Amino acid sequence: MTEARVGGTVRIVGSGLLGASVGLGLRAHGVDVVVTDASRTAARLAVEYGAGRPPAETDAPALIVVAVPPDAIAEVVAAELAAFPDAIVTDVASVKSAPLAELAASGADLSRYVGSHPLAGRERGGPISARADLFLGRPWVVCTRSELGRARVSAVEALALDLGAIPVEMDAAVHDESVALVSHTPQLVSTLMARRLGGATDAALGLAGGGVRDVTRIASSDPALWVQILSANAATVASILRAYRGDLDEVIGALENIDEPGSRRSLAETLAGGNAGVARLPGKHGQDRRFASVVVLIDDRPGQLGRLFAELGELGVNIEDFRMEHSPGAQIGIAELAVVPEVLARTVEDLTARGWRIAG
Ligand SMILES: NC(=O)C1=CN([C@@H]2O[C@H](COP(=O)(O)OP(=O)(O)OC[C@H]3O[C@@H](n4cnc5c(N)ncnc54)[C@H](O)[C@@H]3O)[C@@H](O)[C@H]2O)C=CC1
Ligand SMILES: O=C(O)C(=O)Cc1ccc(O)cc1
């Protein structure tokens with residue numbers, strides 16, 4: 001067990017997915033964690049899963065983590081600031097400006113409040129879905145404000161670091177604009193595409209591969225939580241969607257008039273724009289480096305993946321990334337490996353020589 005950076009007792013209010021995950025992660029460092037929730041069942045479950053202990057009269061937490069739904073953040077943060085006058089209070093809500101404005105309007109003492117947001121989550125909520133490793137390697141935004149003392153910001157960064165996350169300082173407005181683009185609008189785009197699958201035939205769905213799964217993965221997110229997130233960042237998300245609608249109208253125009261001069265060029269430029277956009281997403285370890293992909297067909301039997309990995313090790317090929325897909329109609333797994341481009345040709349050649357089936 002490594003020693004924690006956070007000192008003293010940490011109190012978690014809202015012991016669902018995020019709250020219980022924070023508790024589990026801190027308990028793994030031996031931190032004294034108190035969990036509480038408006039739902040008795042959620043609180044008891046979190047305790048039974050090992051995320052912390054029930055509150056006691058004598059608790060004097062140094063740090064309070066509010067992990068309730070966005071609509072309840074301001075009210076709960078204000079109550080915690082008032083109840084524990086020596087504690088620093090943070091929250092993990094997916095939106096930052098609206099709760100801050102609500103808190104300021106309530107007259108709360110904001111000098112001890114440092115908003116934050118871990119960019120880590122799952123489609124399912126509740127303490128049953130919680131994981132101690134949820135935050136490992138993920139960015140954790142800590143919202144700075146000019147009047148906030150360094151020590152208070154550092155206390156929340158210590159929490160992020162203890163949970164294996166990477167603290168990123170940002171002000172609330174920049175945070176909300178950023179997540180509107182990389183999280184909130186993608187949620188709606190994924191949802192709208194998945195909604196189109198509602199009327200599809202089983203035959204069509206049987207052809208689904210990695211592409212549609214990638215685009216719709218987050219469409220199974222909790223509607224109740226997402227209505228709150230989107231409502232709290234509505235104007236910014238709407239403005240991105242308006243631009244998106246413009247792009248969509250252009251694509252529809254080109255498709256409806258595909259033989260008009262310029263239509264194919266317009267489609268090509270749209271597709272190239274997508275290539276340029278996706279290339280800007282940071283890759284492994286935040287690098288811009290692109291990898292080559294090797295697709296290996298493997299029999300759906302125990303030990304096959306282990307053998308593939310071991311043989312790549314023998315060949316001195318580092319697996320930069322890995323993804324598994326399944327053939328809908330056959331007992332075959334499709335292993336997609338990312339390797340550095342320099343080793344692509346010899347990897348394909350050596351694996352083929354060893355009897356592996358390479359696709360594409
Ligand atoms: N689900 C995700 O992937 C992510 C969620 N977040 C943020 O984390 C926060 C919590 O989300 P989840 O853990 O996913 O939700 P969840 O539904 O799993 O847990 C929320 C918990 O808060 C409790 N609660 C509601 N109102 C309360 C109140 N007034 N006082 C005390 N407890 C109350 C609920 O009973 C529930 O147990 C939200 O603000 C969300 O925006 C941040 C990053 C990722
Ligand atoms: O699963 C994913 O890709 C996510 O992006 C999960 C997620 C959902 C909500 C957040 O506020 C932060 C992260």
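**Close-up views of a predicted model**

**Figure 1. Contact between helix 3 and helix 4 in the predicted model.** From helix 3, Pro70, Ile73, Ala74, Val77 and Ala78 meet Pro99, Glu102, Leu103 and Ser106 of helix 4. Seven of the residues in this contact of helix 3 with helix 4 are nonpolar, one is polar and one is charged. The axes of helix 3 and helix 4, the latter spanning residues 97–106, come within 9 Å and cross at roughly 35°. This crossing of helix 3 and helix 4 is right-handed.

**Figure 2. The protein as a whole.** The protein has 360 residues, and 32% of them count as buried. Its secondary structure consists of 13 helices and eleven strands. Along the principal axes, the C-alpha atoms fill a box of roughly 65 × 55 × 40 Å. Of the contacts between residues at least 6 apart in sequence, 69% join residues at least 24 apart.

**Figure 3. Surroundings of ligand 1.** The shell around ligand 1 holds 27 residues, and the closest are Gly14, Gly16, Ser94, Gly121 and Gly125. Two or more residues of this shell come from each of helix 1 (17–27), helix 3 (70–83) and helix 9 (223–232). Divided by class, the shell around ligand 1 has 16 nonpolar, nine polar and two charged residues.

**Figure 4. Surroundings of ligand 2.** The residues around ligand 2 are Ser94, Leu119, Ala120, Gly121, Ser183 and Ile218. Three residues of this shell are nonpolar, three are polar and no residue is charged. Ser94 and Gly121 are also listed among the closest residues to ligand 1.

**Figure 5. Nonpolar cores and the contacts of Val66.** The largest nonpolar core contains 64 residues. Within this core, the residues with the most contacts are Ile12, Leu63, Val65, Val66, Ala67 and Val77. Another core, of ten residues, lies apart from it and includes Val294, Leu308, Ala335 and Val339. With residues up to four places away in sequence left out, Val66 touches Val13, Gly14, Ile73, Val76, Val77, Glu80, Val89 and Asp91. Of these partners, Ile73 and Val77 are also on the helix 3 side of the contact with helix 4, and Gly14 is one of the closest residues to ligand 1.

**Figure 6. Helix 2 and its buried residues.** Helix 2 covers residues 40–48, and Ala42, Ala43, Leu45, Ala46 and Val47 are buried in it. These buried residues pack against helix 1 and against strand 2 (33–36). Glycine 50 follows helix 2 and has a positive phi, near 95°.

**Figure 7. Helix 10 against helix 11.** Helix 10 (residues 234–256) and helix 11 (residues 263–279) pack at an angle of about 145°, and their axes are 9 Å apart. The crossing of helix 10 past helix 11 is left-handed. On the helix 10 side, Asp247, Glu250, Val251 and Ala254 take part, and they meet Ser263, Ser266, Leu267 and Thr270 of helix 11. By class, this contact of helix 10 with helix 11 has three nonpolar, three polar and two charged residues.

**Figure 8. Helix 6 against helix 10.** Helix 6, residues 172–196, packs with helix 10 at an angle of about 65°, with 9 Å between the axes. Helix 6 and helix 10 make a right-handed crossing. Helix 6 contributes Asp176, Glu177, Ala180, Leu181, His184, Thr185 and Leu188, which meet Thr236, Val237, Ile240 and Leu241 of helix 10. The contact of helix 6 with helix 10 comprises six nonpolar, three polar and two charged residues.

**Figure 9. Environment of Arg138.** Arginine 138 sits in the loop between strand 5 (116–118) and strand 6 (139–143). Arginine 138 has 15 other C-beta atoms within 10 Å, so this residue is classed as partly exposed. Beyond its neighbours within four places in sequence, arginine 138 is in contact with Pro118, Leu119, Ala120 and Ala165. Leu119 and Ala120 also belong to the surroundings of ligand 2. Between the C-alpha atoms of arginine 138 and proline 167 the distance is 8.7 Å, with a sequence separation of 29 residues.

**Figure 10. Environment of Leu161.** Leucine 161 lies in helix 5, residues 150–162. This leucine 161 is partly exposed because 17 other C-beta atoms lie within 10 Å. Not counting residues up to four places away in sequence, leucine 161 touches Arg5 and Pro167. Leucine 161 and tryptophan 140 are 21 residues apart in sequence, and their C-alpha atoms are 8.9 Å apart in space.

Definitions and conventions. Residues are numbered from 1 along each chain as its sequence is written. Chains are lettered from A and ligands numbered from 1 in the order in which they are written. This is a predicted model: local features need pLDDT of at least 70, side-chain atom pairs count only at pLDDT 80 or more; totals for chains, interfaces and linings use all residues. Helices (H or I, at least four residues) and strands (E, at least two) are DSSP runs, numbered from the N terminus. A residue is buried if 20 or more other C-beta atoms lie within 10 Å of its own, exposed if 12 or fewer, and partly exposed in between; C-beta atoms are placed from the backbone. Two residues are in contact if their C-beta atoms, placed from the backbone, lie within 7 Å. A residue is near a molecule or strand if its C-beta atom, placed from the backbone, lies within 6 Å of it. Ala, Val, Leu, Ile, Met, Phe, Trp, Tyr, Cys and Pro count as nonpolar, Asp, Glu, Lys and Arg as charged, and the others, Gly among them, as polar. A nonpolar core is a set of buried Ala, Val, Leu, Ile, Met, Phe, Trp, Tyr and Cys residues joined through C-beta atoms within 7 Å. Axes are lines fitted to C-alpha atoms, for helices over the stretch in contact, and angles run from 0 to 180 degrees between N-to-C directions. A crossing is left-handed if the near helix is turned anticlockwise from the far one by less than a right angle, and right-handed if clockwise.
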